[in-house]
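Here is a short set of exercises to work through with the structure open beside you. Try each task before reading its solution.

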Amino acid sequence: MTTTETPRTTTRKLARFAGHYAEMVAAMLIGMVALGPLWPSAWLERADVDALVMATNMTVAMVLAMALRRHSWPRITEMAAVMYLPFVALLVPYWLGALSGTALMVAGHVIMFPLMLAAMVWRRAEYWH
């Protein structure tokens with residue numbers, strides 16, 4: 001008995017790609033809600049620590065989601081790094097007084113999402129199927 005697999009259309013591949021992205025964002029939101037209460041509130045009074053805690057909460061949940069989907073550890077590590085990068089890079093202008101705590105948090109999130117998408121496009125063989 002021979003089975004033939006019908007190749008997926010570009011539209012179907014794009015839908016799955018977008019679905020992967022949406023799943024990661026959903027996991028990140030779940031991580032923020034579920035892990036947020038575990039941190040001491042005194043830590044969260046500092047904007048720089050709060051930003052890193054937020055990045056950690058999102059990254060832990062996203063790593064779990066990617067591991068459950070059996071992504072490779074190099075790709076999981078790469079995505080985790082992409083998620084931390086904006087927050088770490090923005091700490092310098094925050095510490096120099098060029099960014100407020102609110103701007104640090106907003107800019108970190110605004111930059112993180114396109115960077116995640118860029119990592120997915122760069123490694124599209126991992127996500128585009």
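Contact here means heavy atoms within 4.5 Å. You're looking at a predicted model: local features need pLDDT of at least 70, side-chain atom pairs count only at pLDDT 80 or more, and totals for chains, interfaces and linings use all residues. Residues are numbered from 1 along each chain as its sequence is written, and side-chain values use heavy atoms, with hydrogens and water left out.

**Exercise 1. Find Pro93 and work out which residues it is in contact with, leaving aside neighbours within four places in sequence.**

Step one: look in helix H3, where Pro93 lies. Helices are DSSP runs of H or I with at least four residues, strands are runs of E with at least two, and both are numbered from the N terminus.

Step two: apply the contact rule, and you get Ala98 and Leu99.

Step three: check how open the spot is. Buried means under 20% relative accessible area, exposed over 50%, and partly exposed in between, using a 1.4 Å probe and protein chains only. Pro93 has 24%, so it counts as partly exposed.

Step four: compare C-alpha positions. Pro93 and Leu104 sit 11 residues apart along the chain, and their C-alpha atoms are 8.7 Å apart.

**Exercise 2. Compare the reach of H1 with its expected span, then find what covers its buried residues.**

Step one: get the expected span, which is 1.5 Å times one less than the number of residues in the helix. H1 runs over residues 10-35 and has 26 residues, for which 38 Å is expected. From first C-alpha to last, H1 reaches 37 Å, close to that value.

Step two: pick out the buried residues of H1, which are Phe17, His20, Met24, Val25, Ala27, Met28 and Gly31.

Step three: look at what lies over them. The cover includes helices H2 (47-68), H3 (73-95), H4 (101-122) and H5 (124-127).

**Exercise 3. Do the same for H4, then bring in the UniProt record.**

Step one: H4 has 22 residues and reaches 31 Å, close to the 32 Å expected.

Step two: its buried residues include Leu104, Gly108, His109 and Met112. The cover over the buried residues of H4 includes H1, H2, H3 and H5.

Step three: turn to the record. An unreviewed UniProt entry lists residues 21-39, 51-68, 80-97 and 103-122 as "transmembrane region". UniProt positions are given in the numbering used here, feature names are shortened, and annotations may be inferred rather than shown by experiment.

Step four: see what the model does over two of those ranges. Residues 103-122 are 100% helix and 0% strand, with end C-alpha atoms 28 Å apart. Residues 21-39 are 79% helix and 0% strand, with end C-alpha atoms 27 Å apart.

**Exercise 4. How many salt bridges are there, and which parts does the pair Arg69 and Glu23 tie together?**

Step one: use the rule that a salt bridge is a side-chain nitrogen of Lys or Arg within 4 Å of a carboxyl oxygen of Asp or Glu. The count comes to four.

Step two: take Arg69 and Glu23, whose side chains meet at 2.5 Å, N to O. Arg69 is in the loop between H2 and H3 while Glu23 is in helix H1, so this pair ties together parts 46 residues apart in sequence.

Step three: move on to Asp48 and Arg46, with their closest N and O atoms 2.5 Å apart. Asp48 is buried at 5% relative accessibility, whereas Arg46 is partly exposed at 49%.

**Exercise 5. Is Arg75 buried or exposed, and what does it touch?**

Step one: Arg75 is in helix H3. Its relative accessibility is 17%, so Arg75 counts as buried.

Step two: not counting residues up to four places away in sequence, Arg75 touches Met66, Arg123, Glu126 and Tyr127.

Step three: look along H3 for its salt-bridge partner. The Arg75 and Glu78 side chains meet at 3.5 Å, N to O. The two are three residues apart in the helix, so about one helical turn separates them.

Step four: widen the view, and you'll find Arg75, Glu78 and Arg123 linked in a network of salt bridges.
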